[in-house]
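Got the viewer open? Set the cartoon view going, keep the selection box handy, and follow along stop by stop.

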Amino acid sequence: MRIKPFAFCLSLLFLVSSPVHAWTGQVVAVTDGDTIKVLQDGRQTKIRLYGVDTPEKKQAFGQKAKDFTASLVAGKVVDIDPVDQDRYGRTVGLVTEDGRILNEELFKNGFAWVYRQYCKRGECREWLVFESQAKAGKIGLWADPAAIPPWEWRRRR
């Protein structure tokens, strides 16, 4: 049976434009507040949280952000909704555990900035509201009036 060129092109277009599918795995390590390692089918994958930038490890609140992330997902089975892949080969995505989106929880609890340079999807607008609410309430890192965004802290070093 011969495939007609139009049908072939349409099939190819569908495959190329299909979104990457969500998958499930167990969190085996928390690297820092915005990066975790997830085990799926015997293989570890680094996940960078989409739209999130937490303080660096040596920065004020860096360890607290890591501890917060660990308190929510360490050792747990999570759903990964891939959005992109970064220049380091890490999967960039949304991480959900028991109905809670980790990315969002970091903003609500004052442990992260919305990474405006990369956060372009619809939920980013809502995350900016959560960030502003945490800042107004002086929650988490926002208790420090001189809190420095991680991208500025990295540039200074």
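Start with the whole chain and its contacts: of those with a separation of 6 or more, 62% link residues 24 or more positions apart. Keep in mind that you're looking at a predicted model. Colour it by pLDDT and you'll be working with an average of 90, with 87% of the residues scoring at least 70.

**Stop 1: the part to skip**

Select residues 6-18. Here pLDDT stays under 50, and the model has 1 contact beyond four places in sequence for this stretch. Where pLDDT is low, the predicted coordinates should not be read in detail. Hide that stretch if it gets in your way.

**Stop 2: the overall layout**

Switch to cartoon and walk along the chain. You'll pass 5 helices and 8 strands, in the order α-β-β-β-β-α-β-β-β-α-β-α-α. Now try a surface: the protein exposes about 9600 Å², and carbon and sulfur atoms supply 54% of that area. Of the 157 residues, 39% are buried.

**Stop 3: strand β6 and its partners**

Select residues 91-97, which is strand β6. How many of the 7 residues in this strand are buried? The count is 6, so β6 is largely enclosed by the rest of the structure.

Next, bring up the strands that pair with β6, one at a time:

- Add residues 43-49, strand β3, which runs parallel to β6 and is joined to it by 3 bridges. To find the register, pick R48 and look across to V92, its bridge partner in β6.
- Add residues 77-85, strand β5. β5 and β6 run antiparallel, with 6 bridges between them. A handy marker here is D81, which stands opposite L94.
- Add residues 100-101, strand β7, which pairs with β6 in the antiparallel sense over 2 bridges. E97 has R100 in β7 as its bridge partner.

While you're here, check the two turns. The β5-β6 hairpin has 5 residues between its strands, and G89 there takes a positive phi near 85°. The hairpin of β6 and β7 has 2 residues between the strands, and in that turn D98 has a positive phi of about 50°.

**Stop 4: R48**

Go back to R48 in strand β3 and show its side chain. Is this arginine buried or exposed? R48 has a relative accessible area of 9%, and the cut-off for buried is under 20%, so R48 counts as buried.

Now show what surrounds R48. Leaving out residues up to four places away in sequence, R48 touches D34, T35, D53, D86, R90, T91, V92, G93 and Y115. Draw a distance to D53: the two side chains make a polar contact at 3.4 Å. Then pick the C-alpha atoms of R48 and R90, which are 6.3 Å apart in space although 42 residues separate them in sequence.

**Stop 5: T35 and D32**

From R48, step over to T35, one of the residues R48 touches. T35 is in strand β2, residues 35-40, and is buried, with a relative accessible area of 2%. Beyond four places in sequence, its contacts are V30, I47, R48 and R90. Its side chain also has a polar contact of 3.1 Å with the side chain of D34.

Now select D32, in strand β1 (residues 23-32). D32 is buried too, at 14% relative accessible area. Which backbone nitrogens does the D32 side chain reach? One is that of D34, at 3.1 Å, and another is that of T35, at 2.9 Å.

Zoom out a little around D32. With neighbours within four places in sequence set aside, D32 is in contact with K57, K66 and T69. E56 is worth labelling as well: its C-alpha lies 7.5 Å from that of D32, with their positions 24 residues apart in sequence.

**Last stop: the disulfide**

Finish by selecting C119 and C124 and showing them as sticks. These two cysteines form a disulfide, with their sulfur atoms 1.9 Å apart, and the disulfide count comes to 1. Rotate until you're looking along the S-S bond: the torsion is about -90°, so this disulfide is left-handed. Turn the surface back on and you'll find that both C119 and C124 are buried.

Notes
Residues numbered from 1 in each chain as written. Predicted model: local features only at pLDDT ≥ 70, side-chain atom pairs only at ≥ 80, totals over all residues. Heavy atoms only, no water. pLDDT = per-residue confidence, 0-100. Contact = heavy atoms within 4.5 Å. Helix = DSSP H or I, 4+ residues; strand = E, 2+ residues; numbered from the N terminus. Buried < 20%, exposed > 50% of the residue type's maximum accessible area, 1.4 Å probe, protein only. Areas by Shrake-Rupley, 256 points an atom, 1.4 Å probe, with all protein chains shown as cover. Pairing = 2+ DSSP bridges. Polar contact = N/O pair within 3.5 Å; in protein donor to acceptor, adjacent residues only side chain to side chain. Disulfide = S-S within 2.5 Å.
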